Amino acid sequence: MKGTKRWLAVSLIPVLAAGALSGCSSGETKGSTDGGGGSGTVTLKMIESLTSPARTDVIKKMIASFESANPNIKVELISPPLESADNKISTMLAAKEDLDVLEVRDVTVKQFVTNKWIADLTSYTSSWSSYKDLNANSLAMANYIDQKPYYIPYGLYQKMLFYRKDWFDQKGLTPPKTWDDLNKAAKALTDPANNRFGYSFRGGSGADGYIVDLLRDYNGKNVNTDDAMFLKSGATIFSTPEAKQGMQLYVSLYKEGSPKDSVNWAFAEQVQGFVSGATAMLIQDPDTIDPVKQKLKEGTWATAPMPTGPTGASHYKVGAAGWGVTSYSKHPKEAWKLIEFISSPEQNAVFTKVAGVIPIHNSASVDKYFKEGAYKPYIDMANDTAHYIPYKPETDYKGFGEWRKIVQQDAQAVLLGQMSIDDALKKWDAYWINEKKQGK
């Protein structure tokens, strides 16, 4: 798809207005009656990635409904630990282990397609009545690679700021509007003697997205939003004095406003730091709203739009995850039948409320729950097009998977004083110059 306007032209407002923000062998056709369904039963093996107890529970309920409606199909769900799930999925795919339906993410789809591990779903979507009802962002993400649907999103993601309103009120602070404001607030709220810190820093798995978005914001409107690792001039986002300023803030935010062990924090630790009362601010997707609600009292926390860079720009992407079919599945038709069922407007409405993600269908009913309170920053950011700028993510570059590992390791080295900011930026600059030469 050419241009940011084509692949992400529709803001979240129409989505919100129309719906919720919201080992065993498998793949065998058993020729004799078994314990779960009788002669001719097909067993599908399904694996999820972004696991959590509540999410896994709702998926199991959806599967039970599917099995009730399709008594000759049984589904085995694999739910690996969150932090190792993507590696487990890649390992299973590379070995062509029995697997039929898998969770595909915007950060893994390129790898899966390049290695020919997942199937093009065009032959199925062309006859699926609900496909045309997918909202524009869902269609864009489904067709992100080669303009073909390799997965059906179950929901969309976009970051916002969570903060401890009670802590801010005690200090007479207001929610930060810029990255500099956030850094200052983090320092003001940090009290190591009482195990209180200003920010839930993410230095472990997934840190790459936080770093790159921060540097984009520091480069402001010079970023080429259609190829967002680069500026409009053609240089990389790592090549400027502004990038160095952004990295200096990144280091300061860790050293002066975050727990020391957060250099290794990933999603679970980040969220736990916030809900346990150890940290005052957290940047995360909407799937964090429900766990925060469960752990913190009403009125003690709130949400706000993402902070902007020095020139008032904040760059965002709408991320996605969903369900795909392995290219070697022995039962692709049954696998698609499962995806079609759990992706229906009715099932997706159930899933999005539990998972806390933006729904995929235009026909989702209007729900005040998703338009007020904790979800309101999404409306605010969508309305403020002068400051909140969508960009095309770099996930379609061949080296994206390797890049995620490199930037996380290098950033940790910078935070621990083992690498200079200048050396890290030079290395990252060279990496993306080479990526540009290699093509997508």
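This passage looks at the salt bridges of a predicted model. Side chains of opposite charge can pair when their charged atoms come close. Searching the whole structure turns up 17 salt bridges, and a few of them are picked out here.

Start with K317 and D106, whose side chains meet in a salt bridge at 3.6 Å, N to O. K317 sits in the loop between strand 8 (314-316) and strand 9 (319-325), while D106 sits in the loop between strand 3 (101-105) and helix 5 (109-114), so this pair ties together parts that are 211 residues apart in sequence. The two partners fall in separate burial classes: K317 is partly exposed, at a relative accessible area of 22%, whereas D106 is buried, at 8%.

K436 and D227 also pair up, with an N to O distance of 2.2 Å for their salt bridge. Here the lysine belongs to helix 18 (residues 421-438) and D227 to the loop between helix 10 (207-219) and helix 11 (241-257), so parts 209 residues apart in sequence get tied together. As for burial, K436 is partly exposed with a relative accessible area of 44%, and D227 is buried with 9%.

Next come D396 and K392, a salt bridge in which the closest N and O atoms are 3.8 Å apart. D396 has a relative accessible area of 8% and K392 one of 12%. Both values are under 20%, so D396 and K392 each count as buried.

Finally, there is a network: salt bridges link E48, R55 and E103.

Key
Residues are numbered from 1 along each chain as its sequence is written. This is a predicted model: local features need pLDDT of at least 70, side-chain atom pairs count only at pLDDT 80 or more; totals for chains, interfaces and linings use all residues. Side-chain values use heavy atoms; hydrogens and water are left out. A salt bridge is a side-chain nitrogen of Lys or Arg within 4 Å of a carboxyl oxygen of Asp or Glu. Helices (H or I, at least four residues) and strands (E, at least two) are DSSP runs, numbered from the N terminus. Buried means under 20% relative accessible area, exposed over 50%, partly exposed in between (1.4 Å probe, protein chains only).
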